[in-house]
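Here's a walk through a single protein, from its overall layout down to a few individual residues. Have the structure open and turn it as you read.

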Amino acid sequence: MNTGRYDEDGRVTLVVEVRNITGLNTDELVVTENGEAVEEIEVESIAESTVKVGVVLLIDVSGSMENGDAIGQAKAAAAEFVRNKRDQDWIALVTFGDQVTVLSAFRNQPAELLRLINTLEANGDTALYDGLIRSVGMYGGEAAELQPHIIILTDGKDAVSYTHL
């Protein structure tokens, strides 16, 4: 890991979420760097973490999302995620079909995000790569202080992006 972009003390914060594992003893966790165990490590539950997290919910609204009610399932999953966010979580909402649309910049008030999620409708082709590039670009300016995450809810592959990955 290149620690050059971190504070002078070289301290790095890593947030890891483990689900569906019971009885995990944090004393059994081992973090390594270049094959060597990291000795000075603090472990806290994600609920106790004060790290400000920025999540882009990147949602496919292409026409294929009408099949099997994939759009309904994506909306339900996105809404559930928003309802369960922590106070320090900031969420942006981006959709892609033929075009990429930023419906909301980062915010931590769920009501408006839930309203926007409820309005989503499926139509058009799939510009997945363009949506991903736009989502990555949202972590500049004030959002640069957020730990970046992107959650993609889609049923398929890219079809019409200008960007090629």
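Let's begin with how the chain contacts itself: of the contacts in the protein with a separation of 6 or more, 75% come from residues 24 or more positions apart. Keep in mind that you're looking at a predicted model. The secondary structure adds up to three helices and six strands, and along the sequence these run in the pattern β-β-β-α-β-β-α-α-β. Of the 165 residues in the protein, 32% are buried. As for the outside, about 11000 Å² is exposed, with carbon and sulfur atoms supplying 47% of that area.

Now for the interior. The largest nonpolar core holds 21 residues, and Leu57, Ile59 and Leu93 have the most contacts inside it. Strand S3 (53-60), helix H1 (70-83), strand S4 (89-96) and helix H2 (110-118) are the elements giving two or more residues to this core. H1 is the top contributor here, with six residues. There's also a second, separate core of eleven residues, and among its members are Val56, Ala92, Val94 and Leu128.

Ile59 is a good place to zoom in. Once you set aside neighbours within four places in sequence, Ile59 is in contact with Ala74, Ala78, Leu93, Val94, Thr95, Phe96, Leu120 and Leu153. Over in helix H1 you'll find Ala79, which counts as buried because its relative accessible area is 11%, under the 20% cut-off. Again leaving out neighbours within four places in sequence, Ala79 is in contact with Leu114 and Ile117. Try the distance from Ala79 to Arg115 too: C-alpha to C-alpha, these two are 9.2 Å apart in space, with their positions 36 residues apart in sequence.

What does a search of the whole structure find in the way of aromatic pairs? It finds one. The partners are Phe106 and Tyr139, whose ring centres are 5.2 Å apart; their planes sit at 50 degrees, so the pair counts as tilted. Phe106 belongs to strand S5 (residues 100-107), while Tyr139 is in the loop between helix H3 (128-136) and strand S6 (147-153), so the pair ties together parts 33 residues apart in sequence. Both rings belong to buried residues: Phe106 has 16% relative accessibility, and Tyr139 has 14%.

Back out at the surface, look for a nonpolar patch made up of Ile21, Leu24, Leu29, Val31, Val38, Ile41 and Val43, which together have about 540 Å² of accessible area. One of these, Leu24, is in the segment before strand S1 (32-33). Leu24 counts as partly exposed because its relative accessibility is 42%, and the partly exposed class covers what falls between 20% and 50%.

Finally, two backbone details are worth a click. Asn34 isn't a glycine, yet it has a positive phi of about 55 degrees. You'll find Asn34 in the loop between S1 and strand S2 (36-37), where it counts as exposed at 73% relative accessibility. Asp69, also not a glycine, has a positive phi of about 60 degrees. Asp69 is in the loop between S3 and H1, and with a relative accessible area of 47% it is partly exposed.

How values were computed:
Residues numbered from 1 in each chain as written. Predicted model: local features only at pLDDT ≥ 70, side-chain atom pairs only at ≥ 80, totals over all residues. Heavy atoms only, no water. Phe/Tyr/Trp six-rings, centres within 6.5 Å; stacked < 30°, edge-to-face > 60°. Helix = DSSP H or I, 4+ residues; strand = E, 2+ residues; numbered from the N terminus. Buried < 20%, exposed > 50% of the residue type's maximum accessible area, 1.4 Å probe, protein only. Contact = heavy atoms within 4.5 Å. Areas by Shrake-Rupley, 256 points an atom, 1.4 Å probe, with all protein chains shown as cover. Patch = residues over 30% accessible without salt bridge, like charges linked within 9 Å, V, L, I, M, F, W, Y side chains within 5 Å. Salt bridge = Lys/Arg side-chain N within 4 Å of Asp/Glu carboxyl O. Core = buried A, V, L, I, M, F, W, Y, C linked by side-chain atoms within 4.5 Å.
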